[in-house]
Amino acid sequence: MSDAGGGWEESSPERLYVITGGRSGSSAPTTLDLVTLIVAKSGPRPGMQPEQAEIVRLCRAPLSVAEVSAYLSLPVSVVTVLLSDLLAEDRVLARAPVQAAQLPDRALIEAVIDGLRKL
């Protein structure tokens with residue numbers, strides 16, 4: 001709970017409620033998960049919500065949703081709401097992480113190794 005004359009406690013429910021505008025989910029359907037990479041399209045604009053401006057600054061280089069949450073010390077659910085707003089405003093890009101490379105067939109690898117040994 002926040003004290004009467006001071007600021008917000010960092011993890012108080014009231015602060016998180018204000019940051020998200022009372023929303024518990026994204027306003028538009030998004031497929032953000034912990035490993036989704038976020039990249040800012042531009043810098044923060046004047047008048048932006050401080051947490052959103054910080055996300056845009058942090059995401060000059062790709063960061064996962066989990067990393068953004070850790071850097072901001074905010075719950076992932078709150079960060080997801082903020083990111084969905086930034087996605088709707090076209091301020092950031094979200095992309096799935098790089099897929100794991102498909103390895104060649106084991107039999108092919110063994111045939112190549114056998115062929116190299118015979119040289």
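These are my notebook entries on a predicted model of one protein.

**Overall layout**

I began with the secondary structure, which comes to 5 helices and 3 strands. Along the sequence I read the pattern α-β-α-β-α-α-β-α. The protein has 119 residues, and 30% of them count as buried. I then looked up how far apart in sequence the contacting residues lie. Among contacts between residues at least 6 apart in sequence, 63% join residues at least 24 apart.

**The sheet**

Next I traced the strands. The 3 strands form an open sheet in the order β2-β1-β3, and the pairing is antiparallel. The edges are taken by β2 (63–64) and β3 (92–95); each has a single partner strand, so one side of each is left without a neighbour in the sheet. Between β1 and β3 I noted 4 bridges. One residue pair I recorded is I38 with A94 of β3, its bridge partner. I also noted that α4 lies across β1 and β3, and that α4 runs at about 115° to β3.

**Helices α3 and α4**

How do α3 and α4 pack? I looked up the angle and the axis distance, since two packed helices are described by these quantities. Helix α3 covers residues 65–72 and helix α4 residues 76–88; their angle is about 110° and their axes are 9 Å apart. Angles of 65 to 115 degrees count as roughly perpendicular, and α3 and α4 are therefore roughly perpendicular to each other. On the α3 side the contact is made by V65, V68 and S69, and on the α4 side by V76, V79, T80 and L83. I sorted these residues by type: 5 are nonpolar, 2 are polar and none is charged.

**The loop between α3 and α4**

Two residues of this loop drew my attention, S73 and L74. Is S73 buried or exposed? S73 is exposed, with a relative accessible area of 61%. Its phi is positive, about 55°, although S73 is not a glycine. L74, by contrast, is buried, at a relative accessible area of 4%. Beyond its neighbours within four places in sequence, L74 is in contact with R15, L16, I19, E51, S69, V79 and L82. For the pair L74 and E51, which are 23 residues apart along the chain, I noted a C-alpha separation of 9.5 Å.

**Helix α2**

E51 led me to helix α2 (residues 50–58), in which E51, Q52, A53, I55 and V56 are buried. What do the buried residues of α2 pack against? They pack against α1, β1, α3 and α4.

**T36, before β1**

I then turned to T36, found in the loop between α1 (13–20) and β1 (37–40). T36 is buried, with a relative accessible area of 5%. The side chain of T36 makes a polar contact with the side chain of D33 at 2.7 Å. Setting aside neighbours within four places in sequence, I listed the contacts of T36 as T31, L63, S64, V65, A94, R95 and P97.

**D90, before β3**

My last entry concerns D90, in the loop between α4 and β3. D90 has a positive phi of about 60° although it is not a glycine. With a relative accessibility of 48%, D90 counts as partly exposed.

How values were computed:
Residues are numbered from 1 along each chain as its sequence is written. This is a predicted model: local features need pLDDT of at least 70, side-chain atom pairs count only at pLDDT 80 or more; totals for chains, interfaces and linings use all residues. Side-chain values use heavy atoms; hydrogens and water are left out. Axes are lines fitted to C-alpha atoms, for helices over the stretch in contact, and angles run from 0 to 180 degrees between N-to-C directions. Angles under 35 degrees count as roughly parallel, over 145 as roughly antiparallel, 65 to 115 as roughly perpendicular and the rest as oblique. Contact means heavy atoms within 4.5 Å. Ala, Val, Leu, Ile, Met, Phe, Trp, Tyr, Cys and Pro count as nonpolar, Asp, Glu, Lys and Arg as charged, and the others, Gly among them, as polar. Buried means under 20% relative accessible area, exposed over 50%, partly exposed in between (1.4 Å probe, protein chains only). A polar contact is a pair of N or O atoms within 3.5 Å; within protein, one must be able to donate a hydrogen and the other to accept it, and residues adjacent in sequence count only if both atoms are side-chain atoms. Two strands pair if DSSP finds at least two bridges between them.
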